[in-house]
Amino acid sequence: MAPESIYAHVNLRRNYRRRKILNTVMLSLTGVTVALAVLPLVWITVYVLLKGGRYLNLALFIHLPAPMGTPGGGVLHAIEGSLVMVLLASLLAIPVALLAAFYLLARPNTAVAQAVRFSTDMLAGIPSIVVGLFGYAVIVVTQKHYSAFAGGVVLAIIMLPVVLRSAEEMLKLVPPEMREGALALGAPEWRAALRVVLPAAMEGIVTGVMLGIARAVGETAPLLFTALGNDHYEIGQIVRQGLHYHQSMGQILGQIFGQPADALPLTLWKYAQQPYQERVQLAWAVAFVLMLFALGLNIAARAWLAYRRRKLYG
Amino acid sequence: MAAEVRRVSPPHCLSASSRLSFRSSFKRFSDLLMQPTSSSSWRKRLAYYFKHGDVLWWTLLTLSVGVVLVLVLWIAWQLWVQSAAARHAFGWQFIWPWAKPVWNPALDKFQAWPAIYGSLITAAIALVLAVPLAVGIAIFLSELAPEWLRAPLNYMVEMLAAIPSVVYGLWGIYVFLPLVVVPLGKALAPLGEIPGLGVFFRGPVPASGFSRLGAALVLVIMILPTIAAVSRDVLQAIPRSQREAALALGATRWETVWKVLLPYGQSGILGAIILGFGRAIGETMAVTMVIGNSAGGGYSILRPGYTMASIIANEFAEAVSEMHTAALIEIGLVLFVLTFLLNALARWLVVNKTIKRA
């Protein structure tokens with residue numbers, strides 16, 4: 001073994017200074033990375049809100065789009081289409097997600113539960129455009145036409161893993177003693193789940209649903225060839241026409257879900273690439289609405305959750 | 001008396017396990033159906049059964065679980081079946097890097113390598129830029145940020161993931177491309193002179209800025225929150241004792257991070273990176289809006305191109321011939337397989353190697 005230098009302490013001191021400088025520099029750099037991440041967020045948000053806000057007016061929400069190249073008009077068709085499809089998606093995805101989450105709660109460590117968790121994660125990772133291809137293959141091809149229904153179904157597939165994951169988390173937060181107590185008192189499983197566990201986890205589940213809806217509202221890719229787009233989609237018109245021809249409720253609903261429909265992000269995508277200035281302005285206004293909706297829903301959901309957590313766990 | 005004997009006792013009283021097992025309750029339900037009864041007591045029994053038993057409940061639970069389990073397989077199956085025409089016509093040549101790149105709907109000749117290359121190169125550039133940033137953010141959020149700053153910063157990073165991707169695309173076309181990508185592209189163009197490496201930088205970058213570079217830079221912003229959030233969770237899952245031990249040995253905070261925490265969480269962070277890679281490959285709308293959607297462009301990152309997702313988004317609704325549709329669905333299949341493998345690997349790394357161990 002080589003004898004230790006008698007100047008070791010000098011080296012140590014020099015090293016110490018170097019290490020301290022490295023420490024300061026690198027830790028400051030991590031701060032810089034955070035600034036670099038916040039920069040685009042602020043840039044995009046402020047830009048979209050300012051620019052989109054300039055073109056925002058009432059007509060946006062109550063009129064169909066004007067013919068190309070003429071000013072004015074709105075995106076009522078897209079708002080209604082988004083509403084219809086997200087509603088359908090919620091109706092399909094939320095019950096399935098909640099029931100699957102209850103299954104995971106009742107049988108947490110079985111092979112089936114592991115498979116469900118794996119499957120959920122994989123489902124969340126599938127690119128949304130591929131889900132769109134699936135919707136096309138399964139619904140559009142068999143029905144032989146594009147429809148709001150197909151759009152709603154693919155949005156449901158997008159929503160499902162988001163809601164399922166958060167619902168499982170939230171159900172797990174409920175103390176197991178509550179469920180066990182209900183079972184011990186002789187309540188059947190479903191009653192314990194729906195009357196005891198669900199109310200206790202309700203707020204968390206609602207936030208999960210909000211996140212799922214925020215995700216579904218912003219999705220474009222899966223709608224490109226399932227809902228396709230429809231500049232004349234207006235529910236009021238469909239209902240009025242239906243009543244005029246004495247159609248039944250079912251027929252009118254069938255028309256609402258059976259037609260191709262538009263959605264806000266889909267409209268944004270189409271209008272952003274058109275050479276008419278008015279359309280691009282509409283696109284910015286739509287971006288404003290979408291941004292406000294997505295961010296608002298996200299912030300509200302997370303803030304509420306954080307507030308509840310703090311209240312529950314101190 | 002006979003009626004007394006034949007009466008079915010409530011299922012949850014029969015045995016302790018009956019309430020907990022779907023199969024046994026289902027069996028008992030079928031037993032119930034087998035018994036000869038009059039119609040009025042039928043209704044009573046069914047009502048009784050559904051009021052107290054869990055048959056309906058467990059049927060519903062099993063059905064929903066079945067939906068979740070079947071969905072992924074069904075998607076894979078549909079992609080496989082619907083792409084049959086293209087698979088049979090082109091075979092492995094379809095994705096072979098050295099095959100002749102043709103994309104000709106008129107002649108029904110398709111070859112996907114340019115699109116696959118576009119996906120890989122944009123995702124790779126995005127990763128190279130995003131990973132140091134994201135890991136830095138994760139370190140700051142889990143180790144350095146004071147308590148009052150932590151929640152707002154977490155919010156902000158997550159908001160980055162919440163912005164719809166079309167909004168990124170719109171901002172990209174009108175703000176980001178002209179202001180950032182065009183000047184950067186011009187600055188990088190001289191690199192095209194270098195022999196060998198030059199093929200990646202052969203310019204000129206279009207005046208609109210539509211290019212693979214633009215797509216990659218937008219992707220950086222979009223995958224940043226994914227990698228940062230997962231890495232942060234990984235770092236936070238590391239036991240406190242590890243940090244304390246390092247500090248007690250005289251390490252500075254940076255040395256604690258660099259020599260203890262990052263090695264400890266390396267497989268989880270690798271998982272986060274792979275997850276980000278999967279996101280980048282699957283991202284559709286923003287990329288479609290800024291990449292320019294043109295075949296060709298060679299290997300240059302300064303030229304417009306396609307990614308797998310963007311070629312589907314751009315052409316599928318207008319695909320007329322069956323072969324064109326099948327070829328696009330086969331690209332979807334490649335995309336599916338790739339993201340599935342990446343996500344499975346990432347999940348295994350994050351869940352099994354890091355979070356469970358910690």
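**Aromatic pairs and odd phi values**

Okay, so A:Tyr103 and B:Trp58 are both buried. Keep in mind that this is a predicted model. Now, how do those rings sit relative to one another? The centres of A:Tyr103 and B:Trp58 are 5.8 Å apart and the planes are at 80°; with anything over 60 counting that way, the pair is edge-to-face. A:Tyr103 comes from helix H3 (residues 76-106) of chain A and B:Trp58 from helix H5 (residues 55-82) of chain B, so this pair joins two chains.

Next, B:Phe90 and B:Phe94. Their ring centres are 5.9 Å apart, but here the planes are at 15°, so we call the pair stacked. B:Phe90 and B:Phe94 are buried too.

How many aromatic pairs are there over all chains? Searching the whole structure gives 21. There's also an aromatic cluster made of A:Tyr136, A:Tyr146, A:Phe225 and B:Phe316.

Then we've got charges over rings. In chain B, B:Arg87 lies over the face of B:Trp80, 3.5 Å from the ring centre. Over in chain A, the charged end of A:Arg279 sits over the ring of A:Tyr271, at 4.5 Å from its centre.

Last bit: backbone. Most residues other than glycine have a negative phi. A:Leu228, though, has a positive phi, near 70°. You'll find A:Leu228 in the loop between helix H8 (189-218) and helix H9 (235-244) of chain A, and it's partly exposed, at 30% relative accessible area. B:Asp108 isn't a glycine either, and its phi is positive, about 60°. B:Asp108 sits in the loop between strand E1 (103-104) and strand E2 (109-110) of chain B, partly exposed with a relative accessible area of 27%.

Notes. Residues are numbered from 1 along each chain as its sequence is written. Chains are lettered from A and ligands numbered from 1 in the order in which they are written. This is a predicted model: local features need pLDDT of at least 70, side-chain atom pairs count only at pLDDT 80 or more; totals for chains, interfaces and linings use all residues. Side-chain values use heavy atoms; hydrogens and water are left out. Helices (H or I, at least four residues) and strands (E, at least two) are DSSP runs, numbered from the N terminus. Buried means under 20% relative accessible area, exposed over 50%, partly exposed in between (1.4 Å probe, protein chains only). Rings of Phe, Tyr and Trp (its six-membered ring) pair if their centres lie within 6.5 Å; planes under 30 degrees apart count as stacked, over 60 as edge-to-face and the rest as tilted. A charge sits over a ring if NZ of Lys or CZ of Arg is within 6 Å of the ring centre and within 35 degrees of the ring normal.
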